[in-house]
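User: I'm new to this one and would like a tour. Pick a spot and start there, please.

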Amino acid sequence: MDHLACFAPEDLQSKPGPDLQSYHWRLLAQGDSWFSTAQAKLSAHANLLQELVLTKATVAINCAGQRESLSKVVELASSPDFVRLLTAPDAPVWDGVLLSVGGNDLIQAAQTPTQLDGVEVPLHQRLLRNQTEWGPPSAGVGRYFSEPGWATYAEYLKANLRHLLTLRDQGPSAGKPVFIHCYAVPMPRPAGAEDAGHGPWLYPALKAYAIPSADWAAVSRLMVMHLALLLKTLMADKEQFPGLFVFDSTAVPLAAATPGASGISGDWHNEIHLNHSGCLKIGRAWSEHIDQVLTTGGVVVAAPPTGRGRARR
């Protein structure tokens, strides 16, 4: 088993640069803070790509860069390195593309306030309902959730993923598999990044909407599971989303953070980012899924594994 070798786009310009042809599989990676190479995250061993282990020597050019804050899906399409390495006529032929997208957009949608500049934000433009809009208690935590807002988010994500697949098919790697994960369920809590410039993320949003703290974990789970179901539904639509392979990382057992904890807790480095142990669990399980697709040419013969049988290093 070989750890994924990761390089930045600028490494390709160095002398000598990485010899991509010496690897059996070559991947292009882009995404949000789960793929970040920011020093604070690397020090916390919280980069998911670091924990990918494949049966054959594999390299990835990671275009995520130093992202530490939230980033949107649409920003991926405007990343010059990513677009060039995916679409240029002289770009390498990648065996697959690794993506970490959608989760930050989900959190930003949850952060949308009820009012902007004194004007009420319509329900279809936010994921949460204010107290006057809550449904009956019989609806459970779904009473706090804006289905019209979810429909808006879902259309946004679908449009951007279709665009990304179009970019893929414009270049030498047309038709190659695109791998995406589904995230994990965070515990809303007052735990931001170390520099205090980012986060917490869900915690202040749920407080602002006056959602009872006893329901925070369930609301978080509701949103993340909605995203997982959406991504798996898109994968099943082979006509509009050809070559999209979704790994259901919500099925990987993780140690949840303690409610109210302000630092590292369970498998979480802060409120929405995994620590080393969390990345290890999801990374090893996702590795099995990626390996299977690359080995079989896109035929998934079993449900994505949980990683529980993978040997620990």
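Analyst: Let's begin at Pro16, which is in the loop between strand E2 (5-7) and strand E3 (25-31). Helices (H or I, at least four residues) and strands (E, at least two) are DSSP runs numbered from the N terminus. Lys15 and Pro16 are joined by a cis peptide bond, with omega at about -5°.

User: Before we go on, what kind of model is this?

Analyst: A predicted one: local features need pLDDT of at least 70 and side-chain atom pairs count only at pLDDT 80 or more, while totals for chains, interfaces and linings use all residues. Numbering runs from 1 along each chain as its sequence is written, and side-chain values use heavy atoms, with hydrogens and water left out.

User: OK. What joins Gly199 and Pro200?

Analyst: A cis peptide bond, with omega of about -5°. Pro200 is in the loop between strand E9 (178-181) and helix H6 (202-208).

User: And Tyr183, where is that?

Analyst: Tyr183 is also in the loop between E9 and H6. Its phi is near 70°, which is positive in a residue other than glycine. Tyr183 counts as buried because its relative accessible area is 6%; buried is under 20%, exposed over 50%, partly exposed in between (1.4 Å probe, protein chains only).

User: What about Ala210, what is its phi?

Analyst: About 60°, so positive too, although Ala210 is not a glycine. Ala210 is found in the loop between H6 and H7, and at 34% relative accessibility it is partly exposed.

User: New topic: holes. How many cavities turn up in the whole structure?

Analyst: Four of 30 Å³ or more. A cavity here is a set of points on a 1 Å grid over the protein atoms alone where a 1.4 Å probe fits but cannot get out, and lining residues have an atom within 4 Å of a point. Points are joined across faces, edges and corners, and the volume is the space filled by probe spheres set on them.

User: How much space is in the largest cavity?

Analyst: About 170 Å³. It has 18 lining residues, and Gly103, Ile107, Tyr183, Ala184 and Pro186 are the closest to its centre. So Tyr183 comes up again there. Helix H4 (103-110) and helix H7 (216-236) each give at least two residues to that lining.

User: Which classes of residue line the largest cavity?

Analyst: There are 13 nonpolar, five polar and no charged residues. Nonpolar covers Ala, Val, Leu, Ile, Met, Phe, Trp, Tyr, Cys and Pro, charged covers Asp, Glu, Lys and Arg, and the others, Gly among them, are polar.

User: And the second largest cavity, how much space does it have?

Analyst: About 40 Å³. Its lining is Phe82, Leu86, Val97, Leu99, Leu164, Leu165, Arg168 and Val178. Helix H3 (80-87), strand E6 (96-100) and helix H5 (147-169) each give two or more residues to it, and H5 gives the most, with three. By class, that lining has seven nonpolar, no polar and one charged.

User: Let's switch to charges. How many salt bridges are there?

Analyst: Eight, taking a salt bridge as a side-chain nitrogen of Lys or Arg within 4 Å of a carboxyl oxygen of Asp or Glu. One of them pairs Arg284 with Glu51, with the closest N and O atoms 3.4 Å apart. That pair links distant parts of the chain, 233 residues apart: Arg284 is in helix H8, and Glu51 is in the loop between helix H1 (39-43) and strand E4 (53-54).

User: Are Arg284 and Glu51 buried or exposed?

Analyst: Both are buried.

User: Which side chain does Arg84 bridge to?

Analyst: To Asp81, at 3.1 Å between the closest N and O atoms. The two are three residues apart in helix H3, so about one helical turn separates them. Arg84, at 36%, is partly exposed.

User: Which residues are linked in a network of salt bridges?

Analyst: Glu120, Arg126 and Glu133. Within it, Glu120 and Arg126 meet at 3.6 Å, N to O. Arg126 is buried at 1% relative accessibility, whereas Glu120, at 47%, is partly exposed.

User: Last stop: where is Ile282?

Analyst: Ile282 is in helix H8, and at 0% relative accessibility it counts as buried. Leaving aside neighbours within four places in sequence, its contacts (heavy atoms within 4.5 Å) include Trp34, Ala184 and Phe247. Ile282 and His181 are 101 residues apart in sequence and 9.2 Å apart in space, C-alpha to C-alpha.

Conventions
1 Å grid on protein atoms, 1.4 Å probe; cavity = no way out; pocket = protein on both sides within 12 Å on 5 of 7 lines; lining within 4 Å.
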